[in-house]
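Work through these exercises with the sequence and the model side by side. Try each task before reading its solution.

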Amino acid sequence: MIHLAISSSSQTNQFMFMNKPSLHKHHKTKHLKSSIIKCSQHHNNSRNFIEKQEPTFMVDTHQRFVVRETKKKKEEEKGVLYEKEEKKIKGTNSSTNVSQIGSKQMLILCGFGYWLQGFRCFPWLALNFHMASNLNLDPSILQLVQYSANLPMVAKPLYGILSDVIYIGGAHRIPYIVIGVLLQIFAWNYLAFIPAAREVLTILVAAVLLSNLGASITEVAKDALVAEYGKKQKIGGLQSYAFMALAAGGILGNLIGGYFLLKLPPRIMFIIFSSLLSLQLAISFSTREDSLGIPQPSSENLATKSISENIRKQASDLFTAISDKSISRPLLWIVGSIAMVPMLTGSVFCYQTQCLNLDPMIIGWARVIGQLMLFSGTVLYNRFWKKFPMRNLIGAVQILYASSLLLDLVLVQQINLKFGIPNEVFAPCFSGLAEVLAQFKLLPFSVLFASLCPKGCEGSLTSFLASALILSSIVSGFLGVGLASLLGITSGNYSGLTVGILIQFVAALLPLKWISSVPMSQPDSEKQKRKSMSRRARRNRRVGKVVIGSINAYRREREWESQR
């Protein structure tokens, strides 16, 4: 029984076993077929996926390569920029050191030069008293000698053109300072050590002309050097500092001049001034022009162009600069305002020394106070008054100048004594005010012309302006000599001096009629550059900006496309 049961069960199991393989086999083939289909589809999809992904992989590798290359380039550019910055820092440090050395040398050379130019009143005070007291010259002759001595300064444009064109030893400013100082040393030593030069009027006038010739050459070179240095270093208003140094020299010269004249003969004062000129000569010899940062000419320009061609070109440039209305109109006004006033300085000086018996100390103190006022006015102009409208400032100064001429009338009529003011007090405080205002009036014009001066024409233009001002003062002095002769003013008769002072007052008010020729304000350098730029240059500048902008835009577009 058990065996049957086992057999039956085995049969059933065998039946089941025999049925299962067929089922299993059937499902297995079906599974194999589906798996084969799935694998083939997966294989095809993966192949297509790989084929589709293959270009993006190449683009990714290319982008990574480009990124690496740009990083390398940026690092290299950063290294180059760093090296350039280090070189720039070193260059700026060296340039700052050179500029500091140049500024110190410039301060010593031109500062002492302008101070000594103001100190020229020291020997001239002695010379004026020598001609009035020892030679007993009439007021008209004395004034004629004073203003005729300034004739060499009329040729300042020639000195300026020569200093702009002709280079001596690779420099064109300091060598001319040396030449001018040497002429002055010779002239004042000749007056000091040769008695005939002080006694004979013609020899004295010749020595004075030689001295003023040297002084004019030195002044032209200094003025051009200051204008050129100010443009190179972009420093405006250096002329005001030059006026300060000049006023400081005038203060000291007039202060000690009267005292020395009471204690010492005039020839000792000539020797003292000559020794100071020798010191200026030593300073000029020890200063190199290239250390001041002044641009030097190229050897090609010096070799290809002759001196005559350079002089002709410089003269044409000077004529072009003067023809500009911004320069010619204020120049004509300042020249006319000086030339049309007949000066009576010689007559007033003889009246103070011969009629009022004022000693040299009082005359010296009068000029000291005047120079102090000039110095104070220059400082105030540099600090505050420079911002005022130039036309209004010049108009106010002209009215004050005309009014100050009446102060000599107060002294001639002795009105001051009626108010209890002695001549020894009134003369030092008020007699030199007109001369101070006349000098101060030139300062705004000097700053104006220096800002309008074209590059390469500094020496010729500044010298032309100086010669025009000196020529106008000579014309004014000669008109004063003619007026004194017409009014009968002599060393024994000063009755016509009152009428002459009133004529001066009226003549000084006439230039106010054409005050519109003076500009309202000082021109801005940047505005002047844009104004002086031609229309073609401005168009080319705009075209250049457009072209550069389009190039940058195209470059950015190409970089953006490469990154996509």
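**Exercise 1. Take stock of the whole chain.**
Find the exposed area, the secondary structure and the share of buried residues of this predicted model.

*Solution.*
Step 1. The protein exposes about 31300 Å². Carbon and sulfur atoms supply 65% of that area.
Step 2. Count the elements: 24 helices and 0 strands.
Step 3. Of the 564 residues, 41% count as buried.
Step 4. Turn to the contacts with a separation of 6 or more: residues 24 or more positions apart account for 87% of them.

**Exercise 2. Locate the nonpolar cores.**
Which residues have the most contacts inside the largest nonpolar core?

*Solution.*
Step 1. The largest nonpolar core has 73 residues.
Step 2. Leu116 and Met131 have the most contacts inside this core.
Step 3. Follow Leu116 outward, leaving out residues up to four places away in sequence. Leu116 touches Phe273, Leu276, Leu277 and Gln280.
Step 4. Look for a second, separate core. That core has 22 residues, including Ile161, Val165, Ile338 and Val518.
Step 5. Set this against the general trend: in soluble globular proteins, nonpolar side chains tend to be buried together.

**Exercise 3. Classify two asparagines.**
Asparagine 136 and asparagine 357 have a positive phi. Where does each sit, and is each buried or exposed?

*Solution.*
Step 1. Recall the background: most residues other than glycine have a negative phi.
Step 2. Phi of asparagine 136 is near 55°. For asparagine 357, phi is about 55°.
Step 3. Place asparagine 136 in the loop between helix 2 (121–134) and helix 3 (139–148). Asparagine 357 belongs to the loop between helix 13 (345–355) and helix 14 (360–383).
Step 4. Apply the cut-off: exposed means over 50% relative accessible area. Asparagine 136 has 57% relative accessibility, so it counts as exposed. Asparagine 357 has 58%, so it counts as exposed too.

**Exercise 4. Trace a buried serine.**
What does the side chain of serine 211 make a polar contact with?

*Solution.*
Step 1. Find serine 211 in helix 7 (residues 201–232).
Step 2. The relative accessible area of serine 211 is 2%, so this residue is buried.
Step 3. Its side chain makes a polar contact with the side chain of tryptophan 188, at 2.9 Å.
Step 4. Complete the surroundings, again without residues up to four places away in sequence. Serine 211 touches Arg120, Gln184, Ala187 and Trp188.

**Exercise 5. Examine a buried alanine.**
How many ångströms separate the C-alpha atoms of alanine 197 and alanine 207?

*Solution.*
Step 1. Alanine 197 lies in helix 6 (residues 195–199).
Step 2. Its relative accessible area is 0%, so alanine 197 is buried.
Step 3. The two C-alpha atoms are separated by 7.6 Å, and the alanines are 10 residues apart along the chain.
Step 4. Beyond its neighbours within four places in sequence, alanine 197 is in contact with Tyr190, Leu191, Ile203 and Leu204.

**Exercise 6. Set a covered helix beside a surface patch.**
Which residues of helix 20 are buried, and which residues form a nonpolar patch on the surface?

*Solution.*
Step 1. Helix 20 (residues 442–452) is mostly covered, with 8 of its 11 residues buried.
Step 2. The buried residues are Leu443, Pro444, Phe445, Val447, Leu448, Phe449, Ala450 and Leu452.
Step 3. The surface patch is formed by Ile415, Phe419, Ile421 and Val425. Together they have about 350 Å² of accessible area.
Step 4. Check one patch member. Isoleucine 415 is in helix 17 (residues 415–418). At a relative accessible area of 31%, isoleucine 415 is partly exposed.

Definitions and conventions: Residues numbered from 1 in each chain as written. Predicted model: local features only at pLDDT ≥ 70, side-chain atom pairs only at ≥ 80, totals over all residues. Heavy atoms only, no water. Helix = DSSP H or I, 4+ residues; strand = E, 2+ residues; numbered from the N terminus. Buried < 20%, exposed > 50% of the residue type's maximum accessible area, 1.4 Å probe, protein only. Contact = heavy atoms within 4.5 Å. Areas by Shrake-Rupley, 256 points an atom, 1.4 Å probe, with all protein chains shown as cover. Core = buried A, V, L, I, M, F, W, Y, C linked by side-chain atoms within 4.5 Å. Polar contact = N/O pair within 3.5 Å; in protein donor to acceptor, adjacent residues only side chain to side chain. Patch = residues over 30% accessible without salt bridge, like charges linked within 9 Å, V, L, I, M, F, W, Y side chains within 5 Å. Salt bridge = Lys/Arg side-chain N within 4 Å of Asp/Glu carboxyl O.
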